[in-house]
Amino acid sequence: MPRPESKTITFTIDGREVSAPENTMLVDAAKLGDVEIPVFCYEPKLGQPVGACRMCLVEIEGIPKLQTGCSTPVKDGMVVYTQSDRVTIAQQAVVEFLLINHPLDCPVCDKGGECPLQDITFGWGGGISRFVEPKRHFVKPLELSPLIAIDRERCILCYRCVRFSQEISEDYQLVLLDRGAHSYVATFDGHPYVAPFSGNIVELCPVGALTSRAYRFRARPWDIESAGSVCTLCPAQCNVAVTVRDERALRVLAREHPEVDDGWLCDKGRFAYQSFHVPERITQPLVRDGGFLRPVSWERALDEASAGLRRAGARAAGVAAGTTTSEEGLLLARLLREGLGSPHLDARRSGTVSTGLARALAAPALQARVSDLEFAHAVLVLDTEPVDDAPILDLRLRKGVRRHRTKLAVASPGATTLAEPATLCVRFAPGAGAAFAVALAAALRGEDHAALARDAGAEADQVAALSDLLRGSESDEAQGPHEVVILWGERLTAGDSADHGAQALLSLADALGLADTDGAGLLEIPAHANGRGLREAGVLPNAGPGYGELAGAAGRDAAGIAAGLAAGELSAVYLLHCDPLRDLPDRQAWGEALASASTVVAHASHLTQGIREHADVVFPAEAYPEKEGTVVHPDGRVQRLRPAIAHPGEVRHEWRVLAELAERAGLELTLHSGAAAAELLYASVPFYAGLTLDEIGGRGVRWQERAAATELGAAAPPAPGPGAASASAGEAAAYRSLWDAPEVEFSPTLEFLFPHPELLADDRAASAELLAPELETAS
Amino acid sequence: MSPLGWDTAADLEKPPAEIPSPGEVDVPEGLRAEIEAHMANYPDRRSAALPALAAAQREHGWCSPQAIAQVAAVMRVTPAYLESVASFYDMLETEPVGRHSVYVCTNISCSLRGADALLADFQRAVDGDPEVNVRAFECLGACDIAPMASVDGVYVGPLSSQDIPALLDDVRAGRAVLPERQLARRLVADPHANSTEFPQHPAQGAAHGGANLELPTEDPATARGRREPR
Amino acid sequence: MAAADTAAPMLLFTDIDEPGLATREVYERRGGYESLRRALAMSPEDVLAQLEASGLRGRGGAGFAMGKKVSFLPKGAMDKYLVCNADESEPGTFKDRELMQKSPHMLVEGIVIASYAAGATRSFIYIRGEYVLQADALDAALAEAREAGYVGDDILGSGHSLTLVVHRGAGAYICGEETGLLDSLEGKRGNPRLKPPFPANQGLYQGPTLINNVETLATVPAIIRMGGEEYAKLGVETSTGTKLVSVSGHVQRPGNYEIELGIPSREIVYGLAGGPPEGRGVKCWFPGGSSSPVLTADDLDLPYDFDTLAKAGSMLGSGAIIVVDDATPILDVAMKTAKFYRHESCGKCTPCREGTNWTVKMLERIDAGEATPMDLEIMASVQEHIIGNCLCVLGDAMAMPIGSMIAKFKDELEAHMERARLRRGSGDRIASDSALAAQGALANDPRTMLGATGAGDQAPGAHEGAPGTHRGGA
Amino acid sequence: MASPPNSEDGGAAGAPGTSAATLNVAAWSPGDDVIEVQRTPAPGPTRSTWRTFVETLRGLGTTFGRFHETPVTVQYPEEKTPVYPRFRGRHKLHRFEDTPQNGAQAGLEKCVGCSLCAAACPADCIRVVAAENTPEHRVSAGERYAEIYEINLSRCIFCGYCEVACPFDAITMGHDYELSDYDRTDLIFTKEMLLAEPLERTPLRNEGE
């Protein structure tokens, strides 16, 4: 769908000529001329303006009544006054009305100091109130959910929170009850407001009516600093601003990036920062000694790890996941490949896509941007559940349907939360994603797909309907090329049918002409937060940095490593931000594998079961605001993590630990700073060539849009090997809840969402036993 | 006193109130059929919220959480959405009330003719009777028979305090309330509206228009006396 | 009877009380649905031309030309909607009730003709939930009309189709505001929407929507029958045709009257409705429902039409005349009015939500003797701050009459305030009343009317800890 | 303003000397804006003799005239110098007295931990970490209280902005000026120290003294 284009017009505001794009709302256009029009209810992210608060009244020449600046689009030659007597009186009147029932308890209010109501009262209010009647008083604060407190005295009924619930996250749980001056924000019958995105209402609230219970009274705006970062708790990599006080993270806010997150955050991203500062966090190196993990010095831990790995030599293996940065991935790869001579490493959950296909899938022409999800004519969500795998994209898909009438189709093995906005929902058998894609590609090519659909456990006519939807009707074609985005999950290329899945995707792309259409393409949601970056850094069994060919034979993939360890063919494994029992399929196999491994080295921040029971050396892992390094968004946006808070305890930069181990294994790296590690990465990956930290900046840069992108090289996709795509059992039950993460488990206010309460008790107890005394003496 | 809900926190033990899954809520068959029929009337199923809630209120007596959950289950919307709608409208009760409703209009035209005293007398007369819900109501659109009341949807007026016992007897017995005072029987006041050709409505007698209406006859002094009973 | 001189041509009320007029049989016997046949024989453009020629102005309150409203709808094939606003809840108004109850087919016929002219294929009658009898009458009439093929697919072989649904509201004044009505019809809370976009472009379900009052639509068959230009000859130049007026309050014969626009208001109040009870005079009167600024007895000679009343600082509104006699304290009228709008404010926009609430509190303080003359100024200024600054007109609907009462009855309000203060000081109202009367302070204060607060307070929960009942004597 | 001890007496003693240093504008005038001040005694034998004897005797007269007076030295630290009532000394935090009104219970801290003092402090010497009151553990009258309240008195410039900023009159500047210590860390005053009554009361000057 063509993105709106607008021409620039000139209008006059307070006697100043200002140029602005036509039809921008006056409030936004005025900012271009350095004129501020105060607003409460206006928030463009929430959709159409509602004009409820009446704070933004302005005078427009030729219109007798005052108009709301938030809902009046600018037109050429418009003459606007925001300082005239009429406007001043009206604005003072609105402030006076709003403060009638506001308790003015700013000193105890968490919003104090960063409160739009304070600022606007100060800037546009009359200074006095003529309201002498008693104000209303109620019990406060009240709990709206375990995460959010509500103070109804302070509410000015701007509708932002209920609009969010109804129009953005579309959960319709938070509503306004009663009428008129009695209206109040509430939920149904005292149920809590629990939804994946509920925390956004705290940030939206222009007064202190909705506050975060985790941040409650922790700091004042003048006590804190804000540090830009990138949340790496899931592949969506939302841009965030970490609120820092005394070098600890106290809060996470959205740092709006229209190409990444659109200004929203999921509750995991918003509240899981608490897990960085809990006593259960590992802050010292641990070594297994006499069957128990014990805190030791760094030197000892490095010695043990180094010795264990060297003993294993080529029989060592590595698995990276979670928050691992690309630099760390690269160093792990070099440690294993060059230092130990082992090709066995992986950053995927299972299965290997052959290099040629991987390169073809990464071709810049095929890559969709995140904003394409919003503007495309049709979007197919294929074998992924956005709300669990990359939550923020769920909001983007809903926005596309709501605002741009994007046709949304969902193909999944189970029920989807996108059923309501979706035009079409198609089911297939669990694990049969690749087979389904093959059937769909056949349908799109106009071939007989009935048998293929049956193999995938889908209904043939539904597959046909889906193919019709993706192809678009003739009237759609009249409006220009039909833009289709396919949002697919990594599990489509999992297990044995990885190549089939990749092949099917490429033929889908071919049939829909995705490569030739601007605004169309493929967008993969990898299983791990930096999945794409790690693959590009060469953390793959069959490819080096930048999908380069390997000198030697291909190594084992994650499943292969597990099998190798269990069979004794491999003896050591290096786990980077990965507890295989949690993060990788086939828990049982991994349990056996880790039990038989002679050396297990792990970087972990919490003692989850796999680490607790099997790791021999545990290095304390960094949380993302402590890290320095590069991560790559699923759409190829290279983003930087910069240290925002201090390392707790004895935590060290992980790239430094890996470099140290690599040097002990005989490599000459001479890395002295995080920037040097980044340089090494950008030099190693051909299509990152020439990247600098300045170029990445705070907003990141898509490598596909840089000249060096051609370095990826075109690869003729090899023909699929023998054997049909089949359901892979390992991935069948692998839909993993958003809340199934140690960061959720160890965040005090978030833990109620953790889906495995039985694990929670175990992990807690073990951590407390091991770490608590140490921490007490340390503090 | 604060309106209900203002001081209420969420019960963190409860699960979030999402759209009830089918089978989670038992819906009486008749109610389900009625709501589904309403939904078929509109291009968007949400439009049926008002008629559906009204139907549920007839079934349950008020829009109880259970009633709302039932409607939500049939309409496939969240209960919070329906609660929000129900609490906006005066005729949808979000608190338990008596099964019979007596809305006494206390808006300006009725007030000018003594509705406030009528309401007070009504409330005294039903004090302690949980079955009859007497409440003040904004203009019911029957200022020509002021002061008046809508008794279970039937408009009667003009009323005086003397009519209250008879009226309540009729309500409790399930009879038609004060048949001779019902709006349905009233002719328009405009003397020109009815030319000649048709026979007079027997119940209305010979007189046309306003002539058949009894204006409250008491003088201001007695009116004042009645209004300040204590 | 004096009214006989002003005998207007009957268009809507012709034999309105004929038994059985609500049935198709009687309605057709009286020439019903002839206009529909005639309209369907014309092109939609011709029907629209007739409506424009008639000069018919909307009867709901705003008085916007109906033909123009229809012509604003975008042309072309799309889902267009026609919504009949039968949410008659302006205090003092009860004319639509009469039409729907006694002549529902006239409305149905009007809707079908208007939908034909507007190209709308879906239509809804949004009737207030309190009108049970009337909604039932409409449902019955609709069933008959469907049976006879006046509503449904391919009406009378014209190719025009229309689905018509009676939608019952549930008690909210704000749903009479057209955009609030649309939200309510979509199953939401009846909050008004921001305009623009206007309903004609983006209304019900985001489609172009024509919204008209019952009386307006019920007039359509008469216009088609007699021709637009002929209709325009009735009334005065900018206010054509006949109008139903609902007269209530302190008059001897309250009820609905059909008048030709432009007759003197005195004819209506004194001639038709018989004027206030014996021995009383008119203190003030609302010419167009409770949201119109009040006029005084001096204004009774104004011709009753849209423009004259607007020029006099008020409005014709929905044509509901409420007469207040001189035995009624103006404060009680103001209090009733303000409380009504406080109760009915939807709460969406700030000035209306807080302004109505604040006004009631100030009035209560005045009545409780806790106010000073400065409070009258504050109250007047609050009304000015509300007018024109709200999302919809409900705020204005309170602020205009209250503002007009403060302006026109300032002396009385100040006297009231002063007496209340004295009473408060002496603590005993009855005793002090006689004492004050002795001093002549209570002249012209019969204090008859209503216990404007106390029992009449129906806002669910006056949680603010209201100053309490102030009518002493407890 | 706090005056140094004995400033009045010192001023009186110096009076003769200053009167001797007469202003002597030279005959020549370098310009209207230049005034020449002669600081040495005027030359000449008469003048010199006068100075040697008469002035010395006059000075001794003053000295002996004061012989009968008691000493004015203040025996600090045994004896405390009084300060004026508005003297800005070490801060104090306050509790509600036994006045259980306005929702405040007796003895609750007035400070709600709003941090406004920290915001107002130009020396950045106040650190407040707030926490939430619970029914079981109620410290202040509001929703929040100061869990940590520290003033680094080695940085404080005693400007008094903190008491001006405080919306609850919870912090005021006291009269205690004895703020020396052997260790800088001991100069970080905690909430308990600030809430406690000073061991010895600083004497106040009387009105007009």
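**Exercise 1.** Determine how many salt bridges link chain D and chain A, and describe the interface around them.

*Solution.*
Step 1. Apply the criterion: a salt bridge is a side-chain nitrogen of Lys or Arg within 4 Å of a carboxyl oxygen of Asp or Glu. The count between chain D and chain A is five salt bridges. One of these pairs D:Glu143 with A:Arg154, whose closest N and O atoms are 3.5 Å apart.

Step 2. Note the basis of the count. This is a predicted model, in which local features need pLDDT of at least 70, side-chain atom pairs count only at pLDDT 80 or more, and totals for chains, interfaces and linings use all residues. Residues are numbered from 1 along each chain as its sequence is written, chains are lettered from A and ligands numbered from 1 in the order in which they are written, and side-chain values use heavy atoms, with hydrogens and water left out.

Step 3. List the contacts (heavy atoms within 4.5 Å). On this criterion, 16 residues of chain D touch 16 residues of chain A.

Step 4. Evaluate the buried area, that is, the accessible area (1.4 Å probe) that two parts lose on being put together, summed over both. Chain D and chain A bury about 1,200 Å² between them, and carbon and sulfur atoms give 52% of this. D:Glu132, D:Glu143 and D:Arg144 supply 48% of the area that chain D buries against chain A, more than any other three residues.

**Exercise 2.** Establish whether A:Ser183 is buried or exposed, and identify its surroundings.

*Solution.*
Step 1. Locate the residue: A:Ser183 lies in the loop between strand E8 (175-177) and strand E9 (184-186) of chain A; strands are DSSP runs (E, at least two residues), numbered from the N terminus.

Step 2. Classify A:Ser183 as buried, because its relative accessibility is 1%; buried means under 20% relative accessible area (1.4 Å probe, protein chains only).

Step 3. Inspect the neighbours. The side chain of A:Ser183 reaches the backbone oxygen of A:Gly180 at 2.6 Å. Leaving aside neighbours within four places in sequence, the contacts of A:Ser183 include B:Trp6, C:Arg189 and C:Cys346.

**Exercise 3.** Characterise the interface of domain 1 and domain 3 of chain C.

*Solution.*
Step 1. Take the bounds, which come from an automatic or database domain assignment: among them are domain 1 (24-233) and domain 3 (330-412) of chain C.

Step 2. The C-alpha centres of these domains of chain C lie 34 Å apart.

Step 3. Domain 1 and domain 3 of chain C bury about 850 Å² between them, 69% of it on carbon and sulfur atoms. C:Tyr173, C:Ile174 and C:Pro192 supply 53% of the area that domain 1 buries against domain 3, more than any other three residues.

Step 4. The count of salt bridges between these two domains of chain C is zero.

Terms used
Buried means under 20% relative accessible area, exposed over 50%, partly exposed in between (1.4 Å probe, protein chains only). A polar contact is a pair of N or O atoms within 3.5 Å; within protein, one must be able to donate a hydrogen and the other to accept it, and residues adjacent in sequence count only if both atoms are side-chain atoms.
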